[in-house]
Amino acid sequence: MDSASRAFAIRSAHVVTPDGVRAAAVWVRDGRIAAVREFGDLPEGAEVVECGDEVLMPGLVDTHVHVNEPGRADWEGWETATRAAAAGGVTTIVEMPLNSIPAVTDAAALREKVASTEGKLHADTGFWGGVVPGNAGELEALWEAGVLGFKCFLSPSGVDEFTNVSEDDLRAALPVLARLGAPLLVHAEWPPVLDAAAAALGDADPRAYATWLASRPPEAEAEAVALVARLAREYGARVHVVHVSAAEALQPIRAARDEGVAITAETCPHYLHFDAEDVPDGATEMKCAPPIRAAANREDLWTALGAGWIDLVATDHSPCPPEMKLRDSGDFIRAWGGIASLQLGLAAVWRDARERGYTPAHLAAWMSSAPARLAGLQARKGAIAPGHDADLAVFDPDAEFLVEPGRLFHRHPLSPYVGSVLPGVVTQTWLRGEKVFERGMIVGGARGRVLLRGNL
């Protein structure tokens, strides 16, 4: 159905709106939500899409995705990544500036990245720019070219094209970003702590997950967050801490907020779903940085998410070719760190959220509306509300599915979720009023659009 040029209604007994979950009919016209009405209030003569008891929620907005094209499309590419997004109910992604070649650290690289998307997007796509040593003079031009904000690493990123920043580099960049009103997303692990931990490993077994865990202690996150919070306060900048894995990092975030610092934070499905006690030695598909930590720490993250200390959940989808995971040797120290989860984030979070008494409304807050605000997309994305794009996910919260490689749309099906049974099946995904996914199948062509600040 080509719905972008016509009016129709889609209704459910459980529509997740900003005002709560209720039976409602969502009127769609020209790809936008025209109205949210009572269940029986339908536009005269228009087609009606019935969702029954399945949940109708806003399409997810994933603000932490590594697609890696151009340059490393053999790791992941636009076509495969955005198909996976659509299959997981994700209608908007914001792509990270590293792992592609060139890295998006100047306006020319952004133009090259945008050009590489042509004809390949099954989800709307925005971009973060990069802050690296020496590019403070490029940031305003990148902002004017359309990035939605910026990303930096305090510790080595793992790729040569995107080097980590020092405190001096942040002091050069933050005044520019504060003047622009642009958010800075920070990979917050402090190198001196990591270096000391690595030196203390000695001849520890690299196949042992305990070795990898010991190499990335919680103190590395806590100290990095404290630095970022202090600099954000000093310069009046807006900062966001990505992939919080350690509960110890939450205290400096809360303290800074209490002082009026504009600091937000995210965690990821794998930190909420897995725990260190269950990671087998040699299971390098579960390697990520920061690492998956102990079960008690996971419960602290859930408490923080429920209390609003953590603002949102994003996947940090960061795949690579399977051989880079060194599954044969199981060497956690040398294997690439990153977890493929773009298609599975909603279900993975729902499994553990449901067990703790949360609802689909919480999912929409954590994975749709809050990420949209982070990226400055809240006027169009992340809510079922009049004027917003008709980005919708139809979600059966009670159905379960076995995660099998053959049903994954990611370029490489290696994922720690393979073999799991997860609850929560996305049965339909709608992008700006057009159906792009239905019951295991991508529907239609590549209908996603590039989202630059100048075309929002």
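Q: Which residues line the largest cavity?
A: In this predicted model, the largest cavity is lined by E285, S318, P319, C320, K325, G338, I339, A340, H412, L414, S415 and P416. Sorted by class, that lining comprises 6 nonpolar, 4 polar and 2 charged residues. The space inside is about 80 Å³.

Q: How many cavities of 30 Å³ or more does the structure hold?
A: There are 2. The second largest has a volume of about 60 Å³, and its lining includes L60, V61, D62, V313 and M367. Two or more residues of this lining come from each of β6 (60–65) and α11 (345–355). The biggest share belongs to β6, with 3 residues. By class, the count is 8 nonpolar, 3 polar and 1 charged.

Q: V313 is in β14; which residue stands opposite V313?
A: T267 does. The strands β13 and β14 pair in the parallel sense over 2 bridges. They belong to an open sheet of 6 strands, in the order β9-β10-β11-β12-β13-β14. Because β9 (129–130) and β14 (312–313) each have a single partner strand, one side of each has no neighbour in the sheet.

Q: How should a helix such as α7 be read, and which of its residues are buried?
A: An α-helix has 3.6 residues a turn, so residues three or four places apart point the same way. In α7, the buried residues include A220, A224, L227, V228 and L231. The buried residues of α7 pack against several elements, among them the strands β11 (184–187), β12 (238–241) and β13 (262–267). Helix α7 covers residues 218–235 and reaches 26 Å from first C-alpha to last, close to the 26 Å expected. Just after α7, G236 has a positive phi of about 65°.

Technical notes. Residues numbered from 1 in each chain as written. Predicted model: local features only at pLDDT ≥ 70, side-chain atom pairs only at ≥ 80, totals over all residues. Heavy atoms only, no water. Helix = DSSP H or I, 4+ residues; strand = E, 2+ residues; numbered from the N terminus. Expected span 1.5 Å × (residues − 1). Buried < 20%, exposed > 50% of the residue type's maximum accessible area, 1.4 Å probe, protein only. Contact = heavy atoms within 4.5 Å. Pairing = 2+ DSSP bridges. 1 Å grid on protein atoms, 1.4 Å probe; cavity = no way out; pocket = protein on both sides within 12 Å on 5 of 7 lines; lining within 4 Å. Points joined across faces, edges and corners; volume = space filled by probe spheres on them. Nonpolar A, V, L, I, M, F, W, Y, C, P; charged D, E, K, R; others polar.
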